[in-house]
Amino acid sequence: MNTFRNLAAVLVAALLAACGGTGFKTVKVEQFKEVIKDPSIMLVDVRTPAEFAQGHIDGAVNLDVWDSLFVENAVKAIPAGSKVAVYCKSGKRSADAAGKLEEMGFDVINLDGGFLAWNDFRHKRDYVIVVHGGAGNVASVEKDSLKAAQYYAALDSALAVGSKVLEAGGKGPEAVIAVINYFENNPLFNAGRGATISDAGTFELDACIMEGKDLSAGAVAGVTNIKNPINAAYAVKTKSEHVLFAGKGAETFAAEQGLELVDNIYFATPKTMHWVEELKQKSKKNGTVGCVILDTDGNLTAGTSTGGMFRKKWGRIGDAPIVGAGTYADNNSCAVSCTGHGEYYIRHAVAFNVGARYKYLGEPLEVAADYIINTELNSEAGNGGLVAVDKDGNIAMPFNSTGMYRGYLYKNEGTTGTVSKVGIGAGLK
Ligand code: ASP
């Protein structure tokens, strides 16, 4: 009997070792704060040293879970019998590390999604601005240093425009409109002047703005003569009882509101005119511009403006002006603005679903946004990305294309300076 028991114990131990241990406790975001405040618990960050150097929880030691000397390093760094809590960027990696440490005899807690959770309550931010200037294949821009510099400068300028409005006491909608007007007036981007062409060689624009404090929204779709479609979207939100106006009706409404109207050709640039002449050529411009803001009152606003997809059929409307598809804001979760192949963004209700995962599943913003872009959307067909900010000022900017023109700027509570970064391809600077 005893032999049998011993055998079983050996088997269980072998199984546990093979599974990387299963006895450790896993805690989710809700209990996370309590664990990291407990001085008797040693915090172990199992990300790479490079990740650790970029920021970590105060007092944590770094033990790279991929280092082949992980166990030896752990013996040196952690006093025998210690209670430890491990965290990483993903739950899987911290569970691996927790299993190894448990086998070594430590009392282990696995902080599932711990680093992201910590990021979630790390800073109280006065305000946050996140922008995008479209996603897609950015290889040719990245290779051309002059062109890349133009985009970096434009992204910096867009962030500066928003920051100026907020610093002067302006609120989210005002700042979102100012940022999007900047993009709409800049021919580098597929919104307003510089918009891509429809199959008919004309310019048909979509835009939307939404406020998280009351879920109020306004949008225009398929408009051809409104210089700044985001202004018309805002007018729909504030001066009509409706949410979305399309085509001629939207244009009549904009005229009634005294908004600036232009001939359709105003939106053309030498580049787009070239396409009009040679509609059959391969080159294409998609894009879209967007801006999401957490303002100093803690309110969220999202705005998106676009010329749509290259060679779209007459009357085609993309995701940008559809509340919940390309644009969404809810003070209980986050503000989202999307860019990409609009048909997929509409089908997957992308902007809404990021907020839904955040709100109903309790996922950190970065996790929710990453899931929708990299798992839910088919990255071949639903190519693109999004920018988002949550009610606590956390930022996400995932994309599944080779790049996305993007950037953020925020100001932490109690500080005077701002922090900002912009990017085109993989990195940010
Ligand atoms: N989402 C836009 C549309 O489908 C285009 C884009 O962002 O590239 O209209």
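1. A word on naming to begin with: helices and strands here are DSSP runs, numbered from the N terminus. Please also keep in mind that this is a predicted model.

2. Take a look at Arg-311, which sits in the loop that links β11 (300-306) to β12 (327-329). Its phi is near 60 degrees, a positive value in a residue that is not glycine. Arg-311 counts as partly exposed because 16 other C-beta atoms lie within 10 Å, which falls between the limits of 12 or fewer for exposed and 20 or more for buried.

3. Ala-349 deserves a similar look. Here phi is near 40 degrees, again positive in a residue other than glycine. The residue belongs to the loop between α13 (342-347) and α14 (350-361). With 20 other C-beta atoms within 10 Å, Ala-349 is buried, since the cut-off for that class is 20 or more.

4. On to the sheet. It is open and made of 4 strands, ordered β12-β13-β14-β15, with antiparallel pairing. β12 and β15 (395-396) form the edges, each pairing on one side only.

5. The β12 and β13 pair is worth viewing up close. These strands run antiparallel and are joined by 3 bridges, with β13 covering residues 334-340. Across this pair, Ala-329 stands opposite Ala-335 of β13.

6. Finally, the helices on the sheet. α14 lies across β12, β13 and β14 (384-390), and runs at about 145 degrees to β13. Helix α15 (residues 365-376) also packs on the sheet, where it touches β13, β14 and β15. The direction of α15 makes about 160 degrees with that of β14.

Key
Residues are numbered from 1 along each chain as its sequence is written. This is a predicted model: local features need pLDDT of at least 70, side-chain atom pairs count only at pLDDT 80 or more; totals for chains, interfaces and linings use all residues. Helices (H or I, at least four residues) and strands (E, at least two) are DSSP runs, numbered from the N terminus. Two strands pair if DSSP finds at least two bridges between them. Two residues are in contact if their C-beta atoms, placed from the backbone, lie within 7 Å. Axes are lines fitted to C-alpha atoms, for helices over the stretch in contact, and angles run from 0 to 180 degrees between N-to-C directions.
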